[in-house]
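Please open the model in a viewer and keep the selection tool at hand. The tour proceeds from the whole chain to the core and then to the ligand.

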Amino acid sequence: MGPCPIAHNPRVAFVGAGPGDPELITLKGLRRLREAEVVLHDRLVPPELLDEVAPGATVIDVGKAPDRRCRGQGEINWLLVDWARRRERVVRLKGGDPAIFGRLGEEIEAVRAAGIAFEVVPGVTAATAAAARAGISLTARGRASMLVVATGTDHAGGPPAALDWDLLARAEGTLVFYMPLGSLEAITAGLTALGRDPREPTMLIERIGTPHERVLSGRLGDIAEAARAAGVRSPAVLVTGPTVASASVELGVRQILASARV
Ligand SMILES: C[S@@+](CC[C@H](N)C(=O)[O-])C[C@H]1O[C@@H](n2cnc3c(N)ncnc32)[C@H](O)[C@@H]1O
């Protein structure tokens with residue numbers, strides 16, 4: 001027997017929750033969340049946002065926490081389609097922006113293949129939130145005319161072999177690595193071995209927008225060791241480039257911010 005025919009008019013909204021701080025969601029994203037009959041959310045979404053969901057709505061954590069059974073991507077895709085067949089307003093709430101390292105494409109494919117309408121509501125991604133919290137620009141006329149957003153971890157858990165490391169080492173701009181912690185030494189040593197300046201100002205911004213936020217400021221050549229010493233934890237982003245320059249770098253590696261929410 002095939003799937004049930006869809007008798008209603010469902011729409012799946014992929015909503016960016018922003019990183020850490022619940023106030024970083026867009027007005028549209030918040031409206032979709034409040035209207036939702038079903039919310040499937042990631043582990044990293046700010047928990048306060050779930051208080052915005054209407055009473056009686058179904059809320060499902062599909063997050064992949066390291067310490068418990070992972071839902072495979074196939075199961076998440078199936079859940080999305082299954083709920084959209086039963087309810088009209090389904091929200092898939094994702095940390096940051098859904099289109100940045102969020103496996104959005106695979107979920108859109110599943111929804112589209114089932115003939116279900118969807119929309120994407122963008123969110124603030126960790127890179128721009130990190131820059132905002134550290135008080136830096138990611139681009140600068142004449143100094144950083146490109147911004148590269150890369151993953152620091154591939155499927156096997158190491159630095160991605162598919163990245164063009166030569167190009168990254170030469171890129172005259174800002175590099176932001178998501179999921180960098182497992183490969184920090186390999187990323188930084190690899191970039192400097194290929195010619196990137198080990199004295200380049202570099203930051204690790206940890207748990208942005210949460211009460212545990214820290215900004216670790218240093219240089220490309222020493223940030224991995226400093227992160228180890230400071231016990232930096234996930235989630236964090238690594239930002240390196242000429243615009244990262246700040247007075248604190250001259251003082252060596254140190255924590256420059258302790259708390260995010262004001
Ligand atoms: C699977 S990716 C999702 C990225 C997300 N879609 C975005 O746009 O920010 C998870 C990675 O994003 C970064 N990230 C997400 N939230 C963060 C936060 N609150 N603080 C620092 N980094 C964060 C970290 O590098 C983390 O390992």
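A residue is buried if 20 or more other C-beta atoms lie within 10 Å of its own, exposed if 12 or fewer, and partly exposed in between, with C-beta atoms placed from the backbone. Select the whole chain: 40% of its 262 residues count as buried. This is a predicted model, in which local features need pLDDT of at least 70 and side-chain atom pairs count only at pLDDT 80 or more, while totals for chains, interfaces and linings use all residues. Residues are numbered from 1 along each chain as its sequence is written.

Colour next by secondary structure, where eight helices and 11 strands appear; these are DSSP runs, helices being H or I of at least four residues and strands E of at least two, numbered from the N terminus.

Now select Leu80, Ala130, Leu204, Ile205 and Val237, which touch the most other members of the largest nonpolar core, a set of 61 residues. Such a core consists of buried Ala, Val, Leu, Ile, Met, Phe, Trp, Tyr and Cys residues joined through C-beta atoms within 7 Å. Helix α4 (residues 126–134) supplies its largest share, six residues. The core lies between domain 1 (11–121) and domain 2 (126–255), because both give residues to it; the domain bounds come from an automatic or database domain assignment.

Finally, select the ligand and the 22 residues around it, among which Gly96, Thr125, Ala126, Ile208 and Pro235 come nearest; a residue is near if its C-beta atom, placed from the backbone, lies within 6 Å. Domain 1 (11–121) and domain 2 (126–255) each contribute at least three residues to this shell.
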